[in-house]
Amino acid sequence: MFEIVKKENKKRIGKLETMHGEINTPFFMPDATRGFVKSLGKDDLEMIGMGPMVVNTYHLYLEPGEKLIKRAGGINEFMNWKRPLLSDSGGYQIFSLIHKNPKMGRITDEGATFRSPLNGSRHFITPERSIEIQFDLGVDMMVVLDDVPPNSYSREKIEEAVRRTIDWAARCKNEYEKQLKERKIKREDRPLIFGVIQGGPYADLREYCARELVRIGFDGYGFGARHVDSEGNFLEEVVRETAEYIPEKALRFALGIGTPEDIVRCHSLGWDMFDCVIPTREGRHGRLFIRKEDNLEADFYETINITNEKYREDFSPVDPKCDCLLCKNYTRAYLRHLFATGEPLAMRMASIHNLKFYLDLMDRLRNAK
RNA sequence: GGGUCGGUGGCAGAGUGGUCAAAUGCAUCAGACUGUAAAUCUGACGCCGCAAGGCUUCGGGGGUUCGACUCCCUCCCGGCCCA
């Protein structure tokens with residue numbers, strides 16, 4: 001299903017077959033966490049050539065519920081999205097919620113108990129349940145439930161998270177096989193399943209986790225938790241070494257990564273797939289990505305905060321090198337005005353532009369000589 | 001004309017003798033954002049200063065007081081009620 005077409009040093013360029021079409025790697029997925037990319041409609045996404053996207057098991061389980069989505073004909077049908085979808089397991093949500101506020105829930109070896117931030121109701125999610133929900137969603141790619149420790153945790157605590165992540169990965173894989181049988185899904189029609197490598201900033205823990213996950217066997221492996229330190233510095237060594245523990249023929253998924261330069265770096269270290277909220281969230285907050293150089297060396301782009309005073313009378317396009325809906329039709333001054341007046345069109349335009357920037361970046365990575 | 005209530009920082013609006021350069025909200029300015037509890041969050045927002053601190057403010061003028069945005073007099077302006 002995944003085939004490497006070209007390799008140069010550690011960089012890989014390849015093709016991935018899914019039930020919803022072929023994907024060229026490396027690729028970037030925006031986060032359509034709750035079944036939509038905030039402020040955008042499917043036409044917007046199709047217009048910029050969007051391919052695969054990420055939805056979230058945890059959020060869709062809470063609202064509107066996986067059974068409703070199943071009755072709708074699956075998540076693609078529900079969203080009316082023809083291209084591939086990957087569901088994240090919800091591990092990140094459960095743990096980031098609980099980490100931020102221990103009152104929100106509790107993690108045990110069995111699973112995670114947590115309170116819904118929507119209405120306070122209690123829930124219990126196990127690795128098995130996460131996989132079952134993802135089958136109900138009917139995605140092309142799914143992710144195991146993992147234990148996501150903050151990098152600031154002690155080594156002991158991270159070791160525990162690694163142990164639990166491996167244990168849960170095995171349970172997820174069992175459940176995955178069970179669901180394939182129960183649902184009579186043919187081998188060639190099966191969704192891909194990804195393990196997630198934890199271990200914080202410790203390369204040896206990452207290695208151990210990776211080896212154990214490979215022993216269980218997945219279609220791809222993710223880099224879990226944060227890939228930067230508390231100051232935002234890229235953890236190059238750990239990200240590089242973790243990739244090396246993943247078999248060549250498996251997909252390498254850099255979860256939650258990242259800034260354009262982080263994506264470029266990760267790709268050069270052998271990672272194939274990315275997802276991040278940056279282009280959409282920062283776009284909604286007024287930050288626009290702008291192309292500078294044609295190469296992908298340092299300073300190949302810059303960002304502007306369009307809400308800044310200095311753009312009040314800037315009648316040029318956001319990015320003259322861009323042919324997106326925003327840059328073709330509106331000036332910086334107009335976009336600033338849209339933001340200043342709180343017009344939702346501002347967020348839509350900024351999201352379209354930033355996603356186009358990310359897609360173009362991936363094009364450049366795939367087409368680099 | 002009589003009565004009455006009120007005039008506070010860009011706006012709205014607290015404060016009603018010292019703890020007030022003056023709550024809070026909005027607006028404004030800047031920053032943050034990395035598997036989305038994020039159209040969110042943080043900071044600045046009288047003037048000078050990196051700071052300590054200093055200086056000038058609560059319609060105008062004049063008083064009372066050790067001390068006034070807060071009390072008194074007067075003028076100006078506005079709302080409402082009566083003629």
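So, β1 and strand β2, residues 11–18, pair in the antiparallel sense over 6 bridges. When I say two strands pair, I mean that DSSP finds at least two bridges between them. Strands and helices here are DSSP runs, E of at least two residues for strands and H or I of at least four for helices, numbered from the N terminus. Before I go on: this is a predicted model, where local features need pLDDT of at least 70, side-chain atom pairs count only at pLDDT 80 or more, and totals for chains, interfaces and linings use all residues. Residues are numbered from 1 along each chain as its sequence is written, with chains lettered from A and ligands numbered from 1 in the order in which they are written.

Back to the hairpin. I4 stands opposite G14 in β2, and F2 has L16 as its bridge partner there. Between the strands sit 2 residues, and N9 takes a positive phi near 55°. Is N9 buried or exposed? N9 counts as exposed, because it has 8 C-beta neighbours inside 10 Å. The cut-offs are 20 or more other C-beta atoms within 10 Å for buried, 12 or fewer for exposed, and partly exposed in between, with C-beta atoms placed from the backbone. By that count β1 is hardly covered, with 0 buried among its 7 residues.

These two strands belong to an open sheet of 3, ordered β1-β2-β3 with antiparallel pairing. Its edges are β1 (2–8) and β3 (21–25), each pairing on one side only. Neighbouring strands in this sheet are turned by 10° against each other on average, direction ignored. Those angles use lines fitted to C-alpha atoms, for helices over the stretch in contact, and run from 0 to 180 degrees between N-to-C directions.

After β3 we get a cis peptide bond, from T25 to P26, with omega near 0°; P26 lies in the loop between β3 and β4. There is also a cis bond joining I257 and G258, omega about 0°, and G258 sits in the loop between β13 (251–254) and α10.

Next, the other sheet. Here 8 strands form an open sheet with parallel pairing, in the order β4-β14-β13-β12-β11-β10-β6-β5. The edge strands are β4 (27–30) and β5 (53–56), each with a partner on one side only. On average, neighbouring strands are turned by 25° against each other, again ignoring direction. Helix α8, residues 203–216, packs on this sheet and touches β11 (192–197) and β12 (220–223), its direction making about 155° with that of β11. Contact, for me, means C-beta atoms, placed from the backbone, within 7 Å. Elsewhere in the sheet, β6 (85–88) and β10 (141–143) run parallel and are joined by 2 bridges, with L86 opposite M141.

Have a look at V54, in strand β5. Why is V54 called buried? Because 24 other C-beta atoms lie within 10 Å of V54. Skipping residues up to four places away in sequence, V54 touches M29, D31, A32, L86, D88 and D275.

One helix to point out is α6, residues 127–137, which is mostly covered: 8 of its 11 residues are buried. Among them are I131, I133, F135 and L137. Right after α6 comes G138, with a positive phi near 80°.

On to the core. A nonpolar core, as used here, is a set of buried Ala, Val, Leu, Ile, Met, Phe, Trp, Tyr and Cys residues joined through C-beta atoms within 7 Å. The largest one has 101 residues, and those with the most contacts inside it include V55, V144, A254 and F274. Helix α14 (344–367) gives the largest share, 10 residues. Leaving aside neighbours within four places in sequence, A254 is in contact with F223, H227, C266, W271, M273 and F274.

Last, the domains. Chain A is assigned domain 1 (2–276) and domain 2 (287–357); such bounds come from an automatic or database domain assignment. Their C-alpha centres lie 30 Å apart. How many residues does the contact take from each? It takes 10 from domain 1 and 12 from domain 2. On the domain 1 side, α1 (42–47) and α10 (260–268) are the elements that give two or more residues. By class, that side has 8 nonpolar, 1 polar and 1 charged residues. The classes are Ala, Val, Leu, Ile, Met, Phe, Trp, Tyr, Cys and Pro as nonpolar, Asp, Glu, Lys and Arg as charged, and the others, Gly among them, as polar.

Notes: Contact = placed C-beta atoms within 7 Å.
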